[in-house]
Amino acid sequence: MSVIAILGAQWGDESKGKLAHLLSKEADFCARFNGGTNAGHTVVAGGQEFKFHLLPSGSLWGGGKAVLGNGMVIDPFALVQELELLRKRGCDPKIHISEAAHLLLPYHRLSERLSGAEEEIGTTGRGIGPAYRDKAVRTGLRVGDLLFPAHFRQKLEQNLSRERKAWGESGELGRLDPRKLAGEILKLMEPLRERIVDTAQLLNRALDEGKRVIFEGAQGTLLDIDFGTYPFVTSSSTTIGGIGIGAGVSPKRLERITGVVKSYATRVGAGPFPTEEEGPVSDRLRRRGREFGTTTGRPRRCGWLDLAALRYAHMINGFTELALMKLDVLSGFPQLRVATTYRRAGEVLADFPPNVEALKECKPVYETLPGWEEEIGECRHFNELPSAAKAYIDFIEGQLGVPVSIISVGPGVEATIVRAPTLAENLRL
Ligand code: IMP
């Protein structure tokens, strides 16, 4: 099995980075297809911690695996900085950047700040919304425009002046010098000129040749621009369709669709979160799970696992398997609560309602399962887990009807239990 989609099944931060890194070892390409520097994918390998925002987590293996697909919005300053950091740590990935990916420029960040989205939606403040806005209204600059400097300069000047008309000339927006900015970006990206390619061609050709490709989703299903809890979502397609849109690869070519599920739930930013807890449960999850944003450092909201939301994520994505992450964080809870469905106006709902107004009126219906005391970070086989942990996993599988094939029991890549024999071969664990 060699063409794998890794998709967040919740509100992001499900530890997709660890999984994408692991699965990329034997892959030819690891491709990002959505988002930008709002993502924060952490990989702990060889005793070192790496945080990726733009580069796919498979970049750590070096070589030419990293693909930045057309569905991304790329901040050139952040990209070069991330590459430099990686080089300093002894890894030099040869990246492939889609010529059709959009550029996220400093005025997008300023525009987002002025729009109030950081307060209202709790965005990461990286300019993601305004960059995708420019894409949708067809004024955006794309990576391929860098190959035509005169045209790039002229369009950047036009875009900045449009932004100033909307938000005024004062402050940082007024101080941005379009010619200087264009010159800086062209110079910065010059060494990467050769790396700007048609990544849809690259990936489809690779698939025709039977090569192995990992698609690394950013954010999660409930943050999808269409299927998430709108407007408390990001501006890209985080779900299965995002691979078609953001990488130019037909979903029919995918062999495995791995839903990445954190063993409990977290959300960062505003918006409904039915199983949210406050007090000791949330504090314990946040402390043990180190639930602080990789990108912004914000403390994450924490709560119990929500199977109603996961059933919805499975409906949208059609997961062929689940990877259950951070199971070790649950050790020490005497009991674990899991939402199996919701009740609204006295009625038990059959389906998850993604409409936020409806969601606000929903109360989770919980099932209580026994917890376990033992630390499980050293377990490497399913049978080594405490029986309550095995029962927790069985319960999830039974409720969702999808096998849990990977269980993560710690931040390091070695702290992983692989249940499917074919997968274990792929991973060479
Ligand atoms: P934006 O993507 O910066 O526009 O933020 C929109 C919403 O998505 C906010 O609630 C963010 O906190 C959330 N978000 C964006 N990226 C991530 C991520 O990588 N993990 C978790 N939440 C995210």
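**Close-up views of a predicted model**

**View 1. The open sheet and its edges.** Ten strands form an open sheet with mixed pairing, in the order β9-β7-β5-β2-β10-β1-β11-β15-β19-β20; the sheet comprises 10 strands. The edge positions are held by β9 (196–197) and β20 (416–418), and each of these has a single partner strand, so one side of each is left without a neighbour in the sheet. The model shown here and in the views that follow is predicted. Strands of a sheet pair through backbone hydrogen bonds, in either a parallel or an antiparallel sense.

**View 2. Pairing of strands β5 and β7.** Strand β5 (residues 66–68) pairs with strand β7 (residues 96–98) in the parallel sense, over 2 bridges. L68 has I97 of β7 as its bridge partner. In the strand order of the sheet, β7 stands between β9 and β5.

**View 3. Strand β15 and its two neighbours.** In the order of the sheet, β15 lies between β11 and β19. Strand β11 (residues 256–262) runs parallel to β15 and is joined to it by 5 bridges; within this pairing, G259 has L322 of β15 as its bridge partner. On the β19 side, 3 bridges join β15 to strand β19 (residues 404–408), and these two strands also run parallel. There, L324 stands opposite I407 of β19.

**View 4. Burial of strand β15.** Of the 5 residues of strand β15 (residues 321–325), 5 are buried, so the strand is largely enclosed by the rest of the structure. E321, A323 and M325 point one way from β15, whereas L322 and L324 point the other way, and all are buried. L322 is the bridge partner of G259, and L324 stands opposite I407 in β19.

**View 5. Packing of helices α12 and α14.** Helix α12 (residues 307–317) packs with helix α14 (residues 387–400) at an angle of about 50 degrees, their axes lying 10 Å apart. The two helices are therefore oblique to each other. The crossing in which α12 passes α14 is right-handed. On the α12 side, L307, L310, R311 and H314 make the contact, and on the α14 side F395, I396, Q399 and L400 do so. By class, the residues of this contact divide into 5 nonpolar, 2 polar and 1 charged. An α-helix has 3.6 residues a turn, so residues three or four places apart point the same way.

**View 6. Packing of helices α6 and α8.** Helix α6 (residues 149–167) and helix α8 (residues 178–189) pack with their axes 9 Å apart, at an angle of about 135 degrees. This angle makes α6 oblique to α8. Their crossing is right-handed. From α6, the contact involves P149, F152, R153, L156, E157 and L160; from α8, it involves P178, R179, L181, A182, I185 and L186. The residues of the contact divide into 9 nonpolar, no polar and 3 charged.

**View 7. F148, in the loop before helix α6.** F148 is found in the loop between α5 (128–136) and α6. With a relative accessible area of 53%, F148 is exposed. F148 and L186 are 38 residues apart in sequence, and their C-alpha atoms are 9.7 Å apart in space. L186 is one of the α8 residues in the contact with α6.

**View 8. Helix α1 and the loop that leads to it.** Of the 9 residues of helix α1 (residues 16–24), 9 are buried, so the helix is largely enclosed by the rest of the structure. The buried residues are K16, G17, K18, L19, A20, H21, L22, L23 and S24. D13 lies in the loop between β1 (3–8) and α1. At 22% relative accessibility, D13 counts as partly exposed. Phi of D13 is near 60 degrees, a positive value in a residue other than glycine.

**View 9. Backbone features in and after strand β10.** Most residues other than glycine have a negative phi, and most peptide bonds are trans. Q219, found in strand β10, has a positive phi near 60 degrees and is a residue other than glycine. At 9% relative accessibility, Q219 counts as buried. A cis peptide bond joins Y230 and P231, with omega about 5 degrees. P231 is found in the loop between β10 (213–220) and α10 (241–247).

Technical notes. Residues are numbered from 1 along each chain as its sequence is written. This is a predicted model: local features need pLDDT of at least 70, side-chain atom pairs count only at pLDDT 80 or more; totals for chains, interfaces and linings use all residues. Side-chain values use heavy atoms; hydrogens and water are left out. Axes are lines fitted to C-alpha atoms, for helices over the stretch in contact, and angles run from 0 to 180 degrees between N-to-C directions. Helices (H or I, at least four residues) and strands (E, at least two) are DSSP runs, numbered from the N terminus. Angles under 35 degrees count as roughly parallel, over 145 as roughly antiparallel, 65 to 115 as roughly perpendicular and the rest as oblique. A crossing is left-handed if the near helix is turned anticlockwise from the far one by less than a right angle, and right-handed if clockwise. Contact means heavy atoms within 4.5 Å. Ala, Val, Leu, Ile, Met, Phe, Trp, Tyr, Cys and Pro count as nonpolar, Asp, Glu, Lys and Arg as charged, and the others, Gly among them, as polar. Buried means under 20% relative accessible area, exposed over 50%, partly exposed in between (1.4 Å probe, protein chains only). Two strands pair if DSSP finds at least two bridges between them.
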